[in-house]
Amino acid sequence: MILDGESIFKSFFQGKKEIPVLKGASLHLARGETLAIIGKSGSGKSTLLSLLSGVDRPNSGQLNFLGKNFTNLSENEISELRASKMGIIFQQFFLIPHLTALENIQLPLQINGKGSQLEEAQQWLEKVGLADRGNHFPDQLSGGEKQRVAIARALVHSPDLVLADEPSGSLDEKTGKEIMDLIFQLVSEKMKGIILVTHDKELAARCDRILNLENGVLLS
Ligand SMILES: Nc1ncnc2c1ncn2[C@@H]1O[C@H](COP(=O)(O)OP(=O)(O)OP(=O)(O)O)[C@@H](O)[C@H]1O
Ligand SMILES: [Mg+2]
């Protein structure tokens, strides 16, 4: 098992008003499995991914990643686990603005002590069709180009789990399909897992399973 989430609750506070978002959501992901999460805007999909990635903590519930219980880990331990074993494609990309496209892609390799691995990063830049954009800073890239850099950065260190929030949202149909092929290829060749948040029914149907986030719980 790559990931186990059991009875996850999460609410936000707006002043004194509690806004419950997740109300006992559970999910499981096996090795080599692809899982799509669908649900209306505002249903809590991005919130769920931020908990699964350990960026934020649930109010209650259990999260296990590669046999490790998040509850027992410090922020530093979770950050390390995330940097080495996860690849995250955020809905807002979160590229580092003062690093070029190529440097953004090199970052996970450097963080994981694999040196600068220039060649590896360049290969990924090519795979996402941006060989000639390596020296551009994020604000010199189009939305879809930024998204592709974010995808290359998430995959370059061959993570065990890819968490992807609308990864083809800014891409045209053809580019989106090519990029998704890349992600699915990585998962199937190397027995990785992916949790994919998407509004795209066709894309969701490419996954082994689909869960619907509705009223704070995940339904199959
Ligand atoms: N930090 C926060 N403080 C208060 N409320 C929040 C916070 N983050 C998210 N929310 C609320 O939680 C709900 C779920 O947000 P979330 O971003 O997870 O939805 P989503 O399913 O990803 O939507 P979309 O499909 O539009 O991306 C929303 O109603 C949002 O307003
Ligand atoms: Mg979202």
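## Helix α1

In this predicted model, the buried residues of helix α1 are K45, T47, L48, L49, S50, L51 and L52. That makes seven buried residues out of eight, and α1 is mostly covered. S46 is partly exposed, with a relative accessible area of 32%. The cut-off for buried is under 20%, so S46 falls outside that class.

Just after α1 comes G54. Its phi is positive, at about 75 degrees.

## The shell around ligand 1

Helix α1 also matters for counting contacts with ligand 1. It gives the most to the shell around that ligand, with three residues. In total, 13 residues surround ligand 1. The closest are S41, G42, K45, S46 and T47. By class, the shell has nine polar, two charged and two nonpolar residues.

Three side chains place polar atoms by oxygen atoms of ligand 1. For T47, an N or O atom of the side chain is 2.6 Å from a ligand oxygen. For S46, the distance from a polar side-chain atom to an oxygen of the ligand is 2.9 Å. For Q91, the corresponding value is 3.0 Å. Taken alone, ligand 1 exposes 640 Å², and the protein buries 62% of that. Two elements give two or more residues to the shell: β1 (3–14) and α1 (45–52).

## The magnesium ion

Which residues coordinate the magnesium ion, ligand 2? The donors are OG of S46 and OE1 of Q91, at 2.0 to 2.4 Å. This pair links distant parts of the chain, 45 residues apart. S46 sits in helix α1. Q91 lies in the loop between β6 (86–89) and α3 (101–111).

Both residues have a polar side-chain atom by an oxygen of ligand 1 as well, at 2.9 Å for S46 and 3.0 Å for Q91. Is Q91 buried or exposed? Q91 is partly exposed, with a relative accessible area of 39%.

## G42 and its loop

G42 is among the closest residues to ligand 1. Its place is in the loop between β3 and α1. G42 is exposed, with a relative accessible area of 73%. The cut-off for exposed is over 50%, so G42 meets it.

V21 and G42 are 21 residues apart along the chain. Their C-alpha atoms are separated by 8.6 Å.

## The antiparallel sheet

Four strands form an open sheet, in the order β2-β1-β4-β5. The pairing is antiparallel. β2 (17–29) and β5 (68–69) stand at the edges. Each has a single partner strand, so one side of each is left without a neighbour in the sheet.

Strand β4 covers residues 60–65. It pairs with β5 in the antiparallel sense over two bridges. In β5, K68 is the bridge partner of F65.

## Strand β8 and its partners

Strand β8 covers residues 193–197. Five of its five residues are buried, so β8 is largely enclosed by the rest of the structure. The side chains divide by direction. G193, I195 and V197 point one way, while I194 and L196 point the other way. Burial holds for all of these residues.

Which strands pair with β8 in the parallel sense? One is β3 (residues 34–38), over four bridges. Another is β7 (residues 161–165), over five bridges. V197 takes part in both pairings: it is the bridge partner of I37 and of D165.

## Strands β9 and β10

β3 also pairs with strand β9 (residues 209–214). That pairing is parallel, over four bridges. In β9, I210 is the bridge partner of A36.

β9 is joined in turn to strand β10 (residues 217–219) by three bridges. These two strands run antiparallel. N212 stands opposite L219 in β10. The hairpin of β9 and β10 has two residues between the strands. Within this hairpin, N215 takes a positive phi near 50 degrees.

Definitions and conventions: Residues numbered from 1 in each chain as written. Chains lettered and ligands numbered in written order. Predicted model: local features only at pLDDT ≥ 70, side-chain atom pairs only at ≥ 80, totals over all residues. Heavy atoms only, no water. Near = heavy atom within 4 Å. Polar contact = N/O pair within 3.5 Å; in protein donor to acceptor, adjacent residues only side chain to side chain. Areas by Shrake-Rupley, 256 points an atom, 1.4 Å probe, with all protein chains shown as cover. Nonpolar A, V, L, I, M, F, W, Y, C, P; charged D, E, K, R; others polar. Donors = N, O, S within 2.8 Å, 3.2 Å for Na, K, Ca; no water. Buried < 20%, exposed > 50% of the residue type's maximum accessible area, 1.4 Å probe, protein only. Pairing = 2+ DSSP bridges.
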